[in-house]
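Thank you all for making time this morning; I would like to walk you through one structure, going from the sheet to the helices and then to the charged pairs. Please keep the viewer open while I talk.

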Amino acid sequence: MKKIEAIIKPFKLEDVKDALTDLDVSGMTITEVKGYGRQQGHSELYRGAEYIVDFLPKIKLELVVKEGDLDEAITAITTAAKTGKIGDGKIFVSSVERTIRIRTGEEDEDAI
């Protein structure tokens with residue numbers, strides 16, 4: 001099993017969720033986060049004063065998929081989240097050693 005962590009722009013969340021739902025992804029966790037990458041934030045004007053916004057709002061999406069579904073899930077996320085502009089986000093993939101569903105005690109692929 002593989003864990004996918006994707007950092008995306010907030011307004012792309014519904015598109016990504018719909019794309020993953022079409023793949024029958026059974027669940028995901030969404031967190032509102034702030035951060036920056038290469039874009040290094042930006043400056044804004046507020047009441048005539050300029051200030052720097054270092055950390056931009058992003059959405060962190062976490063899901064666990066079977067290894068055979070990994071490439072399809074990554075393609076769905078990248079296609080749905082891409083705007084072609086700086087700050088589209090990143091995807092991180094890591095291995096999951098064990099998964100347990102608390103309610104039933106099911107383990108590993110049966111638990112996802």
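**Sheet, helices and charged pairs**

Let me begin at one pairing in the sheet, where seven bridges join β2 to strand β5, residues 56–65, and the two strands run antiparallel. Within that pairing, Ile-30 stands opposite Leu-61 in β5. I should say at once that what you see is a predicted model, and the values I quote are to be taken in that light.

Stepping back from that pair, the sheet is an open one of four strands, arranged in the order β2-β5-β1-β6 with antiparallel pairing. Its edges are formed by β2, residues 29–35, and β6, residues 89–95, each of which pairs on one side only. On average, and ignoring direction, neighbouring strands of this sheet are turned by 20° against each other.

As for the chain as a whole, its secondary structure amounts to two helices and six strands, and, read from the N terminus, the elements follow one another as β-α-β-β-β-β-α-β. Of the 112 residues, 30% count as buried. If we take the contacts in the chain with a separation of 6 or more, 69% of them are accounted for by residues 24 or more positions apart. The chain exposes about 7800 Å², and carbon and sulfur atoms supply 48% of that area.

Now to the helices. Helix α1, residues 13–22, lies across β1, β2 and β5, and runs at about 10° to β5. Helix α2, residues 70–81, lies across β1, β5 and β6, running at about 5° to β1.

Which residues of α1 are buried? They are Leu-13, Val-16 and Leu-20, and because they cover an arc of only 70° around the axis, they sit on the same side of α1. This fits the general geometry, since an α-helix has 3.6 residues a turn, so residues three or four places apart point the same way. The buried residues of α1 pack against β1, β2, β5 and also α2. Just after this helix, Asp-24 takes a positive phi of about 65°, which you may wish to look at in the viewer.

Let me turn finally to the charged pairs, of which a search of the whole structure finds seven that qualify as salt bridges; I will take three of them.

One is formed by Lys-3 with Glu-62, whose closest N and O atoms are 3.1 Å apart. Lys-3 lies in strand β1 and Glu-62 in strand β5, so this pair ties together parts that are 59 residues apart in sequence. Lys-3 itself counts as partly exposed, because its relative accessibility is 25%.

Another is the salt bridge between Asp-88 and Lys-9, with the closest N and O atoms 3.8 Å apart. Here Asp-88 is in the loop between α2 and β6, while Lys-9 is in the loop between β1 and α1, so the pair ties together parts that are 79 residues apart in sequence. Both Asp-88 and Lys-9 are buried.

The remaining one I want to show is formed by Lys-12 with Asp-15, where the closest N and O atoms are 3.5 Å apart. Are these two residues buried or partly exposed? Lys-12 counts as buried, because its relative accessibility is 13%, whereas Asp-15, at 39%, counts as partly exposed.

Technical notes
Residues numbered from 1 in each chain as written. Predicted model: local features only at pLDDT ≥ 70, side-chain atom pairs only at ≥ 80, totals over all residues. Heavy atoms only, no water. Pairing = 2+ DSSP bridges. Axes fitted to C-alpha atoms, helices over the stretch in contact; angles between N-to-C directions. Contact = heavy atoms within 4.5 Å. Buried < 20%, exposed > 50% of the residue type's maximum accessible area, 1.4 Å probe, protein only. Areas by Shrake-Rupley, 256 points an atom, 1.4 Å probe, with all protein chains shown as cover. Salt bridge = Lys/Arg side-chain N within 4 Å of Asp/Glu carboxyl O. Arc of directions from axis to C-beta.
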